[in-house]
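Here are my notes on the model you sent over. Have it open next to you while you read.

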Amino acid sequence: MSAKPLAVAIMGPTASGKTASALAIAERIPSEIISVDSALVYRDMDIGTAKPTREELAAVPHHLIDIIDPLDSYSVAQFRKDTLRLVEDISARGKLPLLVGGTMLYFKGLADGLDDLPGADPAVRAALDEEAARLGWPAMHARLAAVDPETAARLAPADSQRIQRALEIHALSGKPMSELLALREKTELPFELLSFALEPSDRAVLHKRIARRFDIMLEETPQGNLITEVEALRRRGDLHPGLPSIRCVGYRQAWEYLDGAIDYATMRETGIIATRQLAKRQLTWLRSMPERVVLDCLAPDPANAMLAQIAERLG
């Protein structure tokens with residue numbers, strides 16, 4: 001047994017059942033959940049982010065949900081600082097910290113420490129934006145693939161924010177971002193991290209789950225649906241598609257639909273496709289994490305397998 005407190009990570013692609021597993025563990029072991037999700041941080045974005053229900057939030061204390069406005073941004077550095085503090089606080093309360101989510105960049109930043117990459121350069125960013133306006137982000141993604149294939153493989157051709165950052169780093173340092181990240185010294189965490197990865201034994205079944213979940217987001221409910229949620233965000237007048245919040249999967253497609261750029265059927269289809277692509281990228285990230293314990297997210301009760309290993313670590 002380690003002298004350090006134990007924290008448990010429950011990672012996986014979208015629709016893999018991470019929240020259900022975390023809640024099942026919390027029923028057996030006093031726990032608190034730390035969300036590892038770059039979309040759940042935003043207030044007033046509940047339906048499209050599949051935020052835990054009011055009942056789920058009441059059943060177990062949750063952290064890092066609804067902490068910033070959609071106009072603002074939340075960095076890996078902020079996540080790491082907040083999570084280190086929260087794990088210490090939760091452990092001091094005699095509870096088990098459960099780190100639950102699918103934002104692999106956050107997990108990576110937590111486990112490996114922060115990088116020493118060059119800072120933002122407004123002139124370089126402006127030049128890249130100008131070029132992207134002329135050529136399109138898929139062309140910029142192709143350029144990134146030529147200089148940094150490892151980073152490009154993890155990014156979607158429309159992921160403008162991360163493509164821009166990777167090209168900016170290459171322009172400023174002359175080196176691929178993946179190479180600079182590989183040079184980073186691994187930082188030892190002040191707690192023991194047991195990492196589970198919920199991965200599908202059948203990708204087609206996960207795809208069906210994704211489509212069903214997106215359709216549920218579009219269904220009319222007393223609380224509204226994804227479209228009415230995005231309509232409310234648009235009415236504010238200060239949000240736009242260039243923001244990280246509105247670039248979240250589902251929100252970007254709903255925004256385009258409300259702009260009249262695409263019809264409803266196309267919005268649904270592209271939303272599901274974008275979610276599948278997100279899941280594929282999440283699985284690519286997971287394969288680069290050798291210390292994870294892989295569990296089939298399609299198995300009847302993956303939480304039981306987690307509980308057995310957690311009990312062993314806790315002694």
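1. Cysteines first. Bear in mind that this is a predicted model. There are zero disulfides in the structure. Cys248 has a relative accessibility of 14%, and it counts as buried because the cut-off is under 20%. Cys297, with a relative accessible area of 3%, is buried too.

2. Now the sheet. It is an open one built from six strands, in the order 3-2-4-1-5-6, and the pairing is parallel. Strand 3 (62–63) and strand 6 (293–296) sit at the edges, so each of them pairs on one side only. As a reminder, strands of a sheet pair through backbone hydrogen bonds, either parallel or antiparallel.

3. For a closer look at one pairing, try strand 1 (residues 6–11) and strand 4 (residues 96–101). These two run parallel and are joined by four bridges. If you want a spot to click on, Met11 stands opposite Gly101 in strand 4. Helix 1 (residues 18–28) packs on this sheet, where it touches strand 1, strand 2 (31–35), strand 3, strand 4 and strand 5 (192–199). The direction of helix 1 makes about 170 degrees with that of strand 4.

4. On to the domains. The protein chain splits into domain 1, which covers 6–114 + 186–314, and domain 2, which covers 122–183. Five residues from domain 1 and six residues from domain 2 make the contact. The C-alpha centres of domain 1 and domain 2 are 25 Å apart.

5. How much area do domain 1 and domain 2 bury between them? The figure is about 610 Å², with 52% of it on carbon and sulfur atoms. On the domain 1 side, look at Arg247, Arg281 and Trp285: they supply 66% of the area that domain 1 buries against domain 2, more than any other three residues. For context, the size of an interface is often given as the accessible area lost when the parts come together.

6. Last, helix 12 (residues 251–259). Which of its residues are buried? They are Tyr251, Gln253, Ala254 and Trp255. In general, an α-helix has 3.6 residues a turn, so residues three or four places apart point the same way. The buried residues of helix 12 pack against two other helices, helix 11 (226–235) and helix 13 (264–287). Gly260 comes just after helix 12 and takes a positive phi of about 85 degrees.

Methods:
Residues numbered from 1 in each chain as written. Predicted model: local features only at pLDDT ≥ 70, side-chain atom pairs only at ≥ 80, totals over all residues. Heavy atoms only, no water. Disulfide = S-S within 2.5 Å. Buried < 20%, exposed > 50% of the residue type's maximum accessible area, 1.4 Å probe, protein only. Contact = heavy atoms within 4.5 Å. Axes fitted to C-alpha atoms, helices over the stretch in contact; angles between N-to-C directions. Domains from an automatic or database assignment. Buried area = accessible area lost by both parts, 1.4 Å probe.
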